[in-house]
Amino acid sequence: MPLRAGEVGMYNCGPTVYDRQHIGNLYSYVVADVVRRTFEYFGYRVKQVMNITDVGHIVDDADEGEDKMALGARRAGKDPLQIADEYTRLFMEDRRKLNVQDPGVVAKATDHIAEMIALIQRLIEKGNAYVAPDGVYFDVTTFPGYGTRLNAESPEQRVAGARVEVNPHKRHPSDFALWRAAKPGDLQQWDSPWGRGNPGWHIECSAMSMKYLGETFDIHTGGEDHLFPHHECEIAQSEAATGKPFVRYWLHVRFLRVDNERMAKSKGGFFTLDDISGWGYDPLAFRLLALGAGYRNGLDFTTKGMDAAQSRLERWRRTIRTAHAATKGRVAEPEGEHAITREFRDALLDDFNTPKALAAAEKALNLAATVDTDEQEHALWMLFDMDEVLALSLKESATTNDELSADERALFDRREAARKAGDYAKSDELRKELLERFGIQVKDTKDGTRWERVGRKGA
Ligand SMILES: [Zn+2]
């Protein structure tokens, strides 16, 4: 049950916009989108807030090292805010290609420096933070249970495993920066009661989430890499400041695993959505792949998996298109809750179990493939209803013609010409190329040449 009747407050840890987002990050926003769509599907309003980290955030997530925004700016020879705007725009475009809805509030860190300063001040007044020569630190000894709220690994174990440079200004080695005094040449700095400087990464999320969602809210999402230190720090500083519970449910998305050799080699496993599209996959096939993995298990990203997801998506679209043509576009809600719809809803209510939800959708597709138009009308209604959450553009696929793209058509025509000219060696070669480049299988029948999308092999 949400805190406020009928409304769910959700905060998603957003990206640091100093580079393109890789598909592992995009995967976690697909999961957050499923959460939002599920609540909306069941009739809740969702107030969704996502931050954009356009300041600071040091490279190794500790308090030392170069800050990511400065790194990105230096690399491109541009101003940090130009870099932030450009990568924010690309990130939002990637999200939309994956049918991830825009959050109601997209909060940029640089627009919320005043809120962060106010929160830091509150922590100093309460005795949870102290001013040091190089910034302001949170005193972890004032927050019992620091670092242990979300995961069983103790802070001592973590410290033992990490390379921690001793900072003589910290009272305790685990104290973390709320504010960092400006260093010479810092591109991003603001006035504060403690001199010029810039905010720590963790305080940003506490200040912005509480501003828009209140001091206690329902859901906070992030990747498993956010568990520690980021989210533990958020809890400590928020609850120390307010004396109230910060978040009711935390949802952490497991990492995406890349185990295909070719993919792992190029760019060290860092792929963007553009890379995937460039290999001939539909971005929504990536969404389907993500839905096929439970968020608690993490996602295995392989060419085999992507090929299967692409073929699956194309099969769904074909089935829906055929059924839609058979019913002449009629769609009818079944009387009462259909068993398949119930199965779909139960899957979502079972901790957002999207693999099970997809299994229910497959049953509806089987029904759509029957010859009984009444059944087909019901099946289409169920599929379009499910698509409120799955967001695979199923309704659009009912009416979109499956045409060859210009590149595909050109190659197809060249192959036709070779075949008609009796150059069978050439024709076979081009047939192979159509399959390898575009996943299009060509068949010569007595009625002429047919083609079918079967997915690319060995991308
Ligand atoms: Zn965050």
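**Exercise 1. Which strand is joined to strand 1 (residues 7-12) by three bridges, and do the two run parallel or antiparallel?** Follow the pairing onward from there to the next strand.

Solution. The model is a predicted one, and the steps below read its backbone pairing.

Step 1. Strand 1 is joined by three bridges to strand 8, and the two run parallel; within this pair, Tyr-11 stands opposite His-220 of strand 8.

Step 2. Strand 8 also pairs with strand 9 (residues 247-253), again in the parallel sense, and here there are six bridges. His-220 stands opposite Trp-250 in strand 9, and Phe-217 stands opposite Val-247 in that strand.

Step 3. Between strand 8 and strand 9 the chain passes through helix 7, and the resulting β-α-β crossover is right-handed.

Step 4. Six of the seven residues of strand 8 (residues 217-223) are buried, so this strand is largely enclosed by the rest of the structure.

**Exercise 2. Locate the cis peptide bond that involves Pro-229, and say which element holds this proline.**

Solution. Step 1. The cis bond joins Phe-228 and Pro-229, with omega at about 5 degrees.

Step 2. Pro-229 belongs to helix 7, which covers residues 227-242, and helix 7 is the helix through which the chain crosses from strand 8 to strand 9.

**Exercise 3. Describe the open sheet that contains strands 4 to 7, working from its order to its edges and then to one of its pairs.**

Solution. Step 1. Four strands make up this open sheet, in the order 4-5-6-7, and their pairing is antiparallel.

Step 2. Its edges are strand 4 (129-132) and strand 7 (197-199), each of which pairs on one side only. On average, and with direction ignored, neighbouring strands of the sheet are turned by 20 degrees against each other.

Step 3. At the strand 7 edge, three bridges join that strand to strand 6 (residues 176-181), the two running antiparallel, and Trp-179 stands opposite Pro-199 in strand 7.

**Exercise 4. Decide how helix 4 and helix 6 are oriented towards each other, and list the residues through which they meet.**

Solution. Step 1. Two packed helices are described by the angle between their axes and the distance between the axes.

Step 2. For helix 4 (residues 113-125) and helix 6 (residues 201-213), the angle is about 105 degrees and the axes are 9 Å apart.

Step 3. Angles of 65 to 115 degrees count as roughly perpendicular, and helix 4 and helix 6 are therefore roughly perpendicular to each other.

Step 4. On the helix 4 side, Glu-115, Met-116, Leu-119 and Ile-120 take part, and they meet Ile-203, Glu-204, Ser-206, Ala-207, Met-208 and Lys-211 in helix 6.

**Exercise 5. Work out which residues of helix 12 are buried, how they are arranged around its axis, and what they pack against.**

Solution. Step 1. The buried residues of helix 12 are Ile-340, Thr-341, Phe-344, Ala-347 and Leu-348.

Step 2. Viewed down the helix axis, these buried residues fall within an arc of 125 degrees, so they line one face of helix 12.

Step 3. That buried set packs against helix 1 (23-41), helix 13 (354-368) and helix 14, whereas the face turned away from the buried side carries the exposed residues Ala-339, Arg-342 and Leu-349.

Step 4. Beyond the end of the helix, Asp-351 follows, and its phi is positive, near 55 degrees.

**Exercise 6. Lys-328 and Ser-393 each have a positive phi without being glycine; place each in the chain and classify its exposure.**

Solution. Step 1. Lys-328, whose phi is about 55 degrees, sits in the loop between helix 11 (303-326) and helix 12 (339-349).

Step 2. A residue with 12 or fewer other C-beta atoms within 10 Å counts as exposed; because Lys-328 has 8 such neighbours, it is exposed.

Step 3. Ser-393, also with a phi of about 55 degrees, is found in the loop between helix 14 (373-390) and helix 15 (394-399).

Step 4. With 16 other C-beta atoms inside 10 Å, Ser-393 is classed as partly exposed.

**Exercise 7. Place these details within the whole protein: how many helices and strands are there, and what percentage of the residues is buried?**

Solution. Step 1. The protein has 17 helices and 13 strands, and buried residues account for 43% of its 459 residues.

Step 2. Of the contacts between residues at least 6 apart in sequence, 71% join residues at least 24 apart.

Terms used: Residues numbered from 1 in each chain as written. Predicted model: local features only at pLDDT ≥ 70, side-chain atom pairs only at ≥ 80, totals over all residues. Pairing = 2+ DSSP bridges. Axes fitted to C-alpha atoms, helices over the stretch in contact; angles between N-to-C directions. Buried ≥ 20, exposed ≤ 12 C-beta atoms within 10 Å, placed from the backbone. Arc of directions from axis to C-beta. Contact = placed C-beta atoms within 7 Å. Right-handed = clockwise from strand over helix to strand, strands pointing away. Parallel < 35°, antiparallel > 145°, perpendicular 65-115°, else oblique.
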